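Biologist: I'm new to this one. Could you walk me through it and tell me how you know what you know?

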Amino acid sequence: MSLIQVINPNTSLAMTETIGQAARAVAAPGTEILAVSPSQGVPSIEGHFDEAIAAIGVLEQIKLGRAQGVSGHVIACFGDPGLLAARELASGPVIGIAEAAMHTATLLATRFSIVTTLPRTLVIARHLLQQYGFTHHCAALHAIDLPVLALEDGSGLAQEKVRQRCIQAKREDGSGAIVLGCGGMATLAGELTQELGLPVIDGVSAAVKMVESLVALGFGTSKHGDLAWPLQKPLSGAFQHLN
Ligand SMILES: O=C(O)C[C@H]1NC(=O)NC1=O
C-alpha cells in the first residue's frame, strides 16, 4: 500500500474534500490518499500575497507527510505554491497540479487552453507556463471572473461558468485540450471531457497518477544539487516547527 499526500494549500476544508474526492477517484487500488490542508493560512489563493502565505503551509504539510511515511506529495493549487521549496524538504516526488495538467495536455494535444478563476491570477499561470517551458503550447488563458470559493458555494454558478468558458475555448482557441486552472474544479473534468469531446484536464488526478508512476519507477526527488535537503540553521519564532 502506498500513501500519497494531496495538499490543498488553502484552509477551506470543503475544497480539500473536493480535491480528495478527485484524487481518490483515480488512485490505484494500492494507493491511499491523504487529503490535507494547512492548520493556518489563507482560505483561498488568489494572488501573489496569498501564494506566499500558502507556501509556508505547504512546507508544514510536507514535513508532516514525511513523518507519516507518505511516498509522495501533490500540491493541489494551480499556482503550485512552494513547489521547489517543498522538493528540498521532501524525499518522495512532489508534483504541482499546474505542472501535471500542463505536461498532460502537451502529451494529448499540440496546444491547450487554460480556464481559471480570477483574471488577476492569469499572470501566475503565465509565469508557470514560462517556468515549465509551455508558453508556446498554451493557445489562450481564460478566467471565469469568480472567486475561488464560488466553486464551493453550492449554487453551481461557478461550475456553469467554467463549462461555458470551456465551450468558448473549444470554439475559439484552436486548442486540442483544456486545462482546468483550479484545484476546486477537479471534479468537473470527466463530465466536461465527455460533453466537449476533447481532453479537459484536472491537475489533481494527473498529479496523483504521476506520483504513482514515479514511485513505481523507484524515483524520489533528487537530492543532488539545488533540491538537496535545506541547509541546517536554527529557524526561529513562527518557523520553529519547520526545523
Ligand atoms: O489560482 C486559482 O484561481 C486557483 C487556486 N487558488 C486556490 O485557492 N486553489 C487553487 O487551485
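Modeller: Sure, starting with a word on classes: Ala, Val, Leu, Ile, Met, Phe, Trp, Tyr, Cys and Pro count as nonpolar, Asp, Glu, Lys and Arg as charged, and the others, Gly among them, as polar. Keep in mind that this is a predicted model. By those classes, the lining of the largest cavity has nine nonpolar, eight polar and one charged residues.

Biologist: What makes that space a cavity?

Modeller: A 1.4 Å probe fits there but cannot get out, and that is why we call it a cavity. The structure holds one cavity of 30 Å³ or more, and about 190 Å³ of space lies in the largest cavity. Of its 18 lining residues, Ile45, Cys77, Phe78, Gly79 and Gly181 are the closest to the centre.

Biologist: And what takes up the space of the largest cavity?

Modeller: The ligand does. Around the ligand sit residues including Ser44, Thr116, Thr121, Val148 and Cys182. That shell divides into five nonpolar, seven polar and no charged residues.

Biologist: Why is the pair between threonine 117 and the ligand called a polar contact?

Modeller: The cut-off for a pair of N or O atoms is 3.5 Å. An N or O atom in the threonine 117 side chain is 2.4 Å from a ligand oxygen, so the pair counts. Asparagine 10 passes too, because a polar atom of its side chain lies 2.9 Å from an oxygen of the ligand. With glycine 183 a polar backbone atom is involved, 2.8 Å from a ligand oxygen.

Biologist: How much of the ligand's accessible area does the protein cover?

Modeller: On its own the ligand has 300 Å² of accessible area, and the protein covers 97% of that.

Biologist: Which domains does the shell around the ligand draw on?

Modeller: At least three residues come from each of domain 1 (2-96 + 205-239) and domain 2 (98-203).

How values were computed:
Residues numbered from 1 in each chain as written. Predicted model: local features only at pLDDT ≥ 70, side-chain atom pairs only at ≥ 80, totals over all residues. Heavy atoms only, no water. Near = heavy atom within 4 Å. Polar contact = N/O pair within 3.5 Å; in protein donor to acceptor, adjacent residues only side chain to side chain. Areas by Shrake-Rupley, 256 points an atom, 1.4 Å probe, with all protein chains shown as cover. 1 Å grid on protein atoms, 1.4 Å probe; cavity = no way out; pocket = protein on both sides within 12 Å on 5 of 7 lines; lining within 4 Å. Sits in = over half its atoms within 2 Å of the grid points. Domains from an automatic or database assignment. Points joined across faces, edges and corners; volume = space filled by probe spheres on them.
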